[in-house]
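Dear colleague,

I am passing on to you the structure we spoke about, together with some notes on its side chains. Please look through it first, and then read on below.

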Amino acid sequence: MRVILLGPPGSGKGTQGGLVEHAYGFPLISTGNLLRDAVKARTELGLKAESLMNRGELVNDEIVLELVRERIFREDCRRGYILNGFPRNLAQADSLEAMNGGRPEVAIEIDIDTDKLMQRLVRRRMCSKCELIFNLEERKPSRDGICDACGSTLFQRDDDKPEVILERLRVYREKTEPLVAYYQGKNVYHRVDGSLAADAVFEAVRKIIDGEMSKIEGARSQG
Ligand code: AMP
């Protein structure tokens, strides 16, 4: 199953993507994480992306498309994958459709209001090694500043500062939100309420994926 997670920064795409990955075994591909890895490794691509990311702007389509293309054609993506943070605009969505094996089967929007997002993002912390996401209120680590999963230190993303968050939200509304209508038009769009607790959101996500999987199976068995 090829799944796209849509939603503004802080809506819980990373958390839900991790839960889907764990439950179904499809690899989670997060373009934000791929870019942060490139920045950390000081690769040429990372150096090009860094200042745009720190300002909350989108990185050039060509750079991101190259990362995605390289990733979704790997063997572990043959049964499907989950995309988090991609596509981010209509041009990226069209490019994904044009890739062999790129057309999404489900696009799930995690819908949530702006006040809640701000509260979540300023309290968000991420593991410096395994990239697991915590929240100082809703999903506290058991030991302060330490990842429960791998024991590495947690950090606050540079772009999770209030002034950059506002710019990221503006960019989302302008460039990414039109994808809702795009995927509605392709009959793959679903919406879940992102203000609920993570496990309740996941229940809704799971129902959507299971429903779509059984439709695909049904169509396959009818030849
Ligand atoms: P995220 O972790 O998804 O919030 O992404 C962090 C930052 O990486 C974004 O604010 C953008 O600067 C960049 N980025 C991630 N995914 C994309 C994408 N699909 N297109 C362009 N820029 C992206």
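Y183 is a good place to begin: in this predicted model, Y183 has a relative accessible area of 0% and is therefore buried. Its neighbour in an aromatic pair is Y182, and because the two planes stand at 90°, with the ring centres 4.9 Å apart, the pair is edge-to-face. Y182 counts as buried as well, at 15% relative accessibility, and over its ring sits the charged end of K186, 5.0 Å from the ring centre.

The structure holds two aromatic pairs, and Y24 and F26 also form one, which is stacked, with 5.9 Å from centre to centre and 5° between the planes. Here F26 is buried with a relative accessible area of 1%, and Y24 is buried with 14%.

Turning to charged side chains, the structure holds 22 salt bridges, and I describe some of them here. R168 and D160 meet in a salt bridge at 2.9 Å, N to O, and both of these residues are buried. R168 and D160 also belong to a network of salt bridges that links them with R124, R157 and D159.

By contrast, E75 is exposed, with a relative accessible area of 59%, and R78 is exposed with 69%; these two form a salt bridge in which the closest N and O atoms are 3.4 Å apart. In another salt bridge the side chains of R103 and E97 meet at 3.0 Å, N to O, where E97 counts as buried at 14% relative accessibility.

With kind regards

Terms used: Residues are numbered from 1 along each chain as its sequence is written. This is a predicted model: local features need pLDDT of at least 70, side-chain atom pairs count only at pLDDT 80 or more; totals for chains, interfaces and linings use all residues. Side-chain values use heavy atoms; hydrogens and water are left out. Rings of Phe, Tyr and Trp (its six-membered ring) pair if their centres lie within 6.5 Å; planes under 30 degrees apart count as stacked, over 60 as edge-to-face and the rest as tilted. Buried means under 20% relative accessible area, exposed over 50%, partly exposed in between (1.4 Å probe, protein chains only). A charge sits over a ring if NZ of Lys or CZ of Arg is within 6 Å of the ring centre and within 35 degrees of the ring normal. A salt bridge is a side-chain nitrogen of Lys or Arg within 4 Å of a carboxyl oxygen of Asp or Glu.
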